[in-house]
Each structure stands twice: as C-alpha cells, then as structure tokens.
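Colleague: I am new to this protein and would like a close look at one helix and its surroundings. Please take me through that part slowly, and then place it within the rest of the chain.

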Amino acid sequence: MTAELALGTYRCRAIPEAAVRAAASGVRLIDTAPNYATGRAQILLAPALAAHSSLNVSTKTGYFTAATGADAVNDGVLTEDQAAAGHSLAPDYVRWQTGRNRAQLGRDRLDLVLLHNPERAHPGNRPALHCAIRDAFVVLEEAAAAGHVAGYGIATWAGLDEEAFTVGELLALAAEAAGGQSHHLVAVQMPVSLVMMTPITQALDGRGPLPAAADAGLRVMASAPLHGGELPGMVDQELADLIRPGLTSAQACVLAVASCPGVTDVLIAASSAPHWREAADAVAQPSLTAAKLREITGVLASP
C-alpha cells in the first residue's frame, strides 16, 4: 500500500491556507509543533481544525521559542538555565506544554503528541537519555489516562539513525512508563528520502527502524521527503522516469518515500493548490515494488 499524504507545517509558508487545502483534498493528518512559524503555527492552525473536526492533529513537546521559554519560567516549570537551552523533556515542562498545545490548537484531546528530537536532551549519554524519555512518557501516559491525549511517540532527526535509541527500546520505555500495562506509544516520525535513504535500504533487507515499527503496529511519519525542497533539483528527468515514467521529479521522490515498507504517512509542506494536486497524484500511483526501490537506491548509491 502507498502511504498517505499528511500536511507538515515545519517549512509551510502559508499555514492557514495550506490547512484548508489539505482538508479539502482529503488529508486526514496535520503535523505541527509549538516552535514552528516562530511559535505561531498552532494558533494559525486552530481555525482550520475547528472547521474540520475530522482532521487529526499531531504536535510535539521538546523545542520551544524564547517567548515560550520565558512563559514556562514564569509559570515555574523551567528554570532560567533550562529555558536558555531551548529544549526540554523535563516532566513538568512536558505536562505544561501539552496543556498549552491543547489550548492553542483548540482541541480538548490531542490525537498525537511527539517528543521532539529527544536525542537533544542528553547527547552521548544513552542511560540518561532513556531515563528522560521514560519520565516524559509517564507524563504522556497520565495525559492519555485523563483523556487529553490519544497517543504519543517521538519525532526524531538523528536519534534512530545514530541509535541513541531503537524502536524496541522506545517500546520498552513506554511499557515501563505505563506500569506494565498496555501503553499509548503509537508513532514515530523520522526523515526518509532519496537523500536520507538508509531507512529505505535497511527496510528492503528487513532491518532498521521501519520494519521494527511496522511489526509493532506503529504509525511511521516520513519527514523531509523532499529534503527541504532541495531534492527535486537533484533528481533529473532520467531518474524520475526510472522511478515511474510520466512523473515530475518531485512526484517521483514522493512516490519513492510513500512506497517504502513501513511508512504510513508522508509529510508534505505544500501550501499551493497545484503543489497539493501534484503530491496527491503521486501517492495515488501504485506503489513501487521492492525490486524497483532496490534499483533506485542502487543507482543513487553508485559513485
């Protein structure tokens, strides 16, 4: 099955318009964070979420703007030193930020809350990092029990690639946080693209985080599928035609990621109607076969 499109708001230039277009095109998930759009992304999304109650929203806790950090200090959930770091997994902060996310998004219950680049918390110290993740998961389990959060997960850039943690370790930490009961860890978000293609090549061999997540029934959200908009300019028409004749370079890149085993959602920051149609047409294509993905990654790995 080809993965579904979701709206990613990290590099989105016109968030309210993009959200309306995404909803109209049948997109079911919007991904955001409290530090996106200089701290305004969630507020900008709220009207579209109010108008489209069927839209799911994924947000985060971890990074924060200087203004949010100052608010957290004033409310006694961060010290001045913690606020200066611009990132925290401290339980009091995670609890406070999750409540703030609900207020800014206008949702009593958040569909998904992700720890944002948790590897930032204790670089190079796996035991300390795992303790911090588990303690943050405890807070999110409490939020789930209270009906404020449906599920949680992690959004990472390098944590899985560098093995600061594995999917198996995250599942074990979630089980600990839930006290041995069934936990609410339901998703991982990570970069997957024809530039950052290690997860693809691993998945084709049944290795790495994508098969592990799929085996556990986790949602896998592929971030940066176009590598910040740079990738289409790096893929010539010959390579695009190898991927699937008739597609543009951007469409070919999106289809490759959407076809990767284990990926369930592809985050696209498109704000214009033509870009949405282009991306939607790409994922409407039949998935690429494993053999085709091997051929593509082999070509790209060649010197």
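Modeller: The helix to look at is α5, in what is a predicted model, and its buried residues are Tyr-93, Val-94, Trp-96, Gln-97, Thr-98, Asn-101, Gln-104 and Leu-105. What covers these buried residues includes three helices, α2 (41–51), α3 (66–74) and α6 (126–145), together with the strands β3 (56–61) and β4 (112–116). The length of α5 can be checked: its 15 residues, 91–105, should span 21 Å at 1.5 Å a residue, and the C-alpha atoms at its ends are 21 Å apart, which agrees. Just after the helix comes Gly-106, whose phi is positive, at about 70 degrees.

On the α2 side, the residue to follow is Gln-42, which has its place in that helix. Gln-42 has a relative accessible area of 0%, and therefore counts as buried, since the cut-off for that word is under 20%. Its side chain makes a polar contact of 3.0 Å with the side chain of Asn-101, which is itself among the buried residues of α5. If neighbours within four places in sequence are left aside, Gln-42 is in contact with Asn-101, Gln-104 and Leu-105, and also with Thr-32, Ala-33, Pro-34 and Thr-59.

A second helix that helps to cover α5 is α6, and there the residue to follow is Glu-142. Glu-142 has a relative accessibility of 41%, so it counts as partly exposed, whereas Gln-42 is buried. The side chain of Glu-142 is joined to that of Arg-95 by a polar contact of 3.2 Å, and Arg-95 falls within the 91–105 range of α5. Glu-142 can also be placed relative to Ala-177, which is 35 residues away along the chain, with 9.4 Å between the two C-alpha atoms.

To place this region within the whole, the protein has 14 helices and eight strands. Its radius of gyration is 19 Å, close to the 19 Å that the globule rule gives for 303 residues, so the protein is as compact as a globular protein of that length. The C-alpha trace spans about 55 × 40 × 35 Å along its principal axes, and buried residues make up 52% of the 303 residues. Among contacts with a separation of 6 or more, 77% are between residues 24 or more positions apart. The accessible surface comes to about 12700 Å², and carbon and sulfur atoms account for 52% of that surface.

Two further points concern other parts of the chain. A search of the whole structure finds zero disulfides; for Cys-12, the closest cysteine sulfur is that of Cys-253, at 19 Å, which is too far for a bond. Cys-260 is likewise in no disulfide, its nearest cysteine sulfur being that of Cys-253, 14 Å away. Both Cys-12, at 10% relative accessibility, and Cys-260, at 3%, count as buried.

The other point is a loop between β7 (219–223) and α10 (231–234), where Ala-224 lies and where His-227 also has its place. Phi of Ala-224 is near 50 degrees, a positive value in a residue other than glycine, and the phi of His-227 is likewise positive and near 50 degrees. Ala-224 has a relative accessibility of 23%, so it counts as partly exposed.

Methods. Residues are numbered from 1 along each chain as its sequence is written. This is a predicted model: local features need pLDDT of at least 70, side-chain atom pairs count only at pLDDT 80 or more; totals for chains, interfaces and linings use all residues. Side-chain values use heavy atoms; hydrogens and water are left out. Helices (H or I, at least four residues) and strands (E, at least two) are DSSP runs, numbered from the N terminus. The expected span of a helix is 1.5 Å times one less than its number of residues. Buried means under 20% relative accessible area, exposed over 50%, partly exposed in between (1.4 Å probe, protein chains only). Contact means heavy atoms within 4.5 Å. A polar contact is a pair of N or O atoms within 3.5 Å; within protein, one must be able to donate a hydrogen and the other to accept it, and residues adjacent in sequence count only if both atoms are side-chain atoms. A disulfide is a pair of cysteine sulfur atoms within 2.5 Å. The radius of gyration is taken over C-alpha atoms; the globule rule is 2.2 Å times the number of residues to the power 0.38. Accessible areas come from the Shrake-Rupley method with a 1.4 Å probe; for residues, only the protein chains shown count as cover.
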